[in-house]
Structures are given as structure tokens and as C-alpha cells.
Amino acid sequence: MLDDYLIVHKSILPDFFEAVLKTRHLLESGKVTNISAAVKMAGISRSTYYKYKDWILEPSTISSGRKAVFSMILLHEPGILNKVLTDIAEGGASILTITQSLPINDKASVTLSLDIGAMNGNPEALIKKISMRQGVENARIIAIE
């Protein structure tokens with residue numbers, strides 16, 4: 001995932017990039033409870049915030065405490081979930097939550113939330129490895145924070 005990013009000095013970027021970060025900080029800190037007030041304080045439009053909020057990251061948020069949500073369908077056979085969890089542990093991610101549905105037609109939906117801050121590789125490589133496991137279908141990344 002980090003292969004898709006560049007690190008550039010903020011002095012060469014348009015001012016609204018920093019305003020997007022300011023908006024995010026206002027919302028995350030609880031100083032402002034709604035987006036309209038936060039973007040007004042930061043001096044940008046709501047559309048600018050929504051357009052860039054998921055694409056502008058600070059180096060500190062890239063390297064630690066990152067979260068990801070993976071979703072997959074597992075065949076209802078002994079050991080498949082264990083193998084997926086082993087792949088995750090070997091990749092350096094930590095499991096935060098596991099949600100599994102009851103098996104229907106011998107398949108269960110599984111959603112995993114992970115702390116990926118200390119991963120050895122990238123989430124895309126991990127989901128690809130998991131996808132190749134026998135008994136795993138439709139493995140995908142739902143979200144990355």
C-alpha cells in the first residue's frame with residue numbers, strides 16, 4: 001500500500017491539503033462534533049474535505065496504530081480459520097475482533113478487524129496470501145485506516 005504514496009514537503013502543496021488535516025484533527029479531538037463546523041473552522045468546503053480526507057495522511061498515522069477490516073467466506077471445515085489466523089500472525093498484524101456468521105450451505109462469512117501498524121509487508125499482499133488458501137473465498141479488504 002505504501003508503494004502508492006509519495007512523501008513531499010507540505011510547503012509545495014496547496015493550502016487546502018493542510019486544511020483537510022486540520023478538519024480531521026478537529027473531528028477526531030472532539031472539539032467540533034460535525035463536519036460542517038469543522039470545515040468552516042478550517043476554511044475549506046465540505047466537498048474538498050470529502051474528496052481528499054482518505055488520501056492525505058501524516059507520517060505518524062501511516063506508521064503506527066493503523067487498522068484494517070478484512071472480509072471473507074470460509075468453508076465450514078476444521079482448521080481453515082486457524083490457517084487464516086496463522087497467516088495474519090505471521091504477517092505481523094494483530095487481530096482486534098473476529099465476527100463469524102453461522103454456516104449456511106457449509107460456508108460462513110468472517111469479518112476480521114486488524115491492527116496492521118507493525119506488519120512486515122502490506123495488507124494487499126496478506127489478503128492475496130489468504131485468498132490463495134483452500135477453503136477461502138471472496139477474501140477482500142473492506143477498509144484501511
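Here are some friendly notes on the predicted model above, point by point.

1. **Ground rules.** Because the model is predicted, local features need pLDDT of at least 70 and side-chain atom pairs count only at pLDDT 80 or more, while totals for chains, interfaces and linings use all residues. Residues are numbered from 1 along each chain as its sequence is written, and side-chain values use heavy atoms, with hydrogens and water left out.

2. **Helix α2, the buried side.** Let me start with α2, residues 35–42, where A38, V39 and A42 are buried. Buried means under 20% relative accessible area, exposed over 50%, and partly exposed in between, with a 1.4 Å probe and protein chains only. Helices (H or I, at least four residues) and strands (E, at least two) are DSSP runs, numbered from the N terminus. The buried residues of α2 cover an arc of only 95° around the axis, which puts them on the same side of the helix. That arc is taken from the directions from the helix axis to the C-beta atoms. The cover over these residues includes α1 (15–29) and α3 (46–52).

3. **Helix α2, the other face and the ends.** K40 and M41 are exposed, on the face of α2 turned away from its buried side. At the N-terminal end, N34 acts as a cap, with a side-chain oxygen 3.2 Å from the backbone nitrogen of S36. The cut-off for such a polar contact is a pair of N or O atoms within 3.5 Å; within protein, one must be able to donate a hydrogen and the other to accept it, and residues adjacent in sequence count only if both atoms are side-chain atoms. Just after α2, G43 has a positive phi of about 85°.

4. **T23, a view from α1.** T23 sits in helix α1 and is buried, with a relative accessible area of 0%. Neighbours within four places in sequence aside, T23 is in contact with A38, V39, A42, I44 and Y49. Contact here means heavy atoms within 4.5 Å. A38, V39 and A42 are the buried residues of α2 met in point 2.

5. **A nonpolar patch.** L6, V8 and I12 make a nonpolar surface patch of about 360 Å². Patches are made of residues with over 30% relative accessible area and no salt bridge, joining like charges within 9 Å and nonpolar side chains (Val, Leu, Ile, Met, Phe, Trp, Tyr) within 5 Å. The areas come from the Shrake-Rupley method with a 1.4 Å probe, and for residues only the protein chains shown count as cover. L6 belongs to the segment before α1 and is exposed, at 78% relative accessible area.

6. **Salt bridges.** How many salt bridges does the structure hold? There are six, each being a side-chain nitrogen of Lys or Arg within 4 Å of a carboxyl oxygen of Asp or Glu. K129 pairs with E90, the closest N and O atoms being 3.6 Å apart. This pair links distant parts of the chain, with K129 in α6 (residues 123–131) and E90 in α5 (residues 80–90), 39 residues apart. Both belong to a network of salt bridges that links D87, E90, K129 and R133. K107 and E137 also meet in a salt bridge, at 3.0 Å from N to O. K107 lies in strand β3 (residues 107–115) and E137 in strand β4 (residues 136–144), so this pair ties together parts that are 30 residues apart in sequence. K107 is partly exposed at 33%, and E137 is partly exposed at 31%.

7. **Helix α6.** P123, L126, I127 and I130 are the buried residues of α6. Seen down the helix axis, they fall within an arc of 95°, so they line one face of the helix. Their cover includes β1 (67–75), α5 and β4. At the start of α6, a side-chain oxygen of N122 comes to within 3.1 Å of the backbone nitrogen of E124.

8. **Backbone angles to look at.** Which residues have a positive phi although they are not glycine? D106 does, at about 60°, and N138 does, at about 50°. D106 is in the loop between β2 (94–100) and β3 and is exposed, at 53%. N138 is in strand β4 and is exposed, at 54%.
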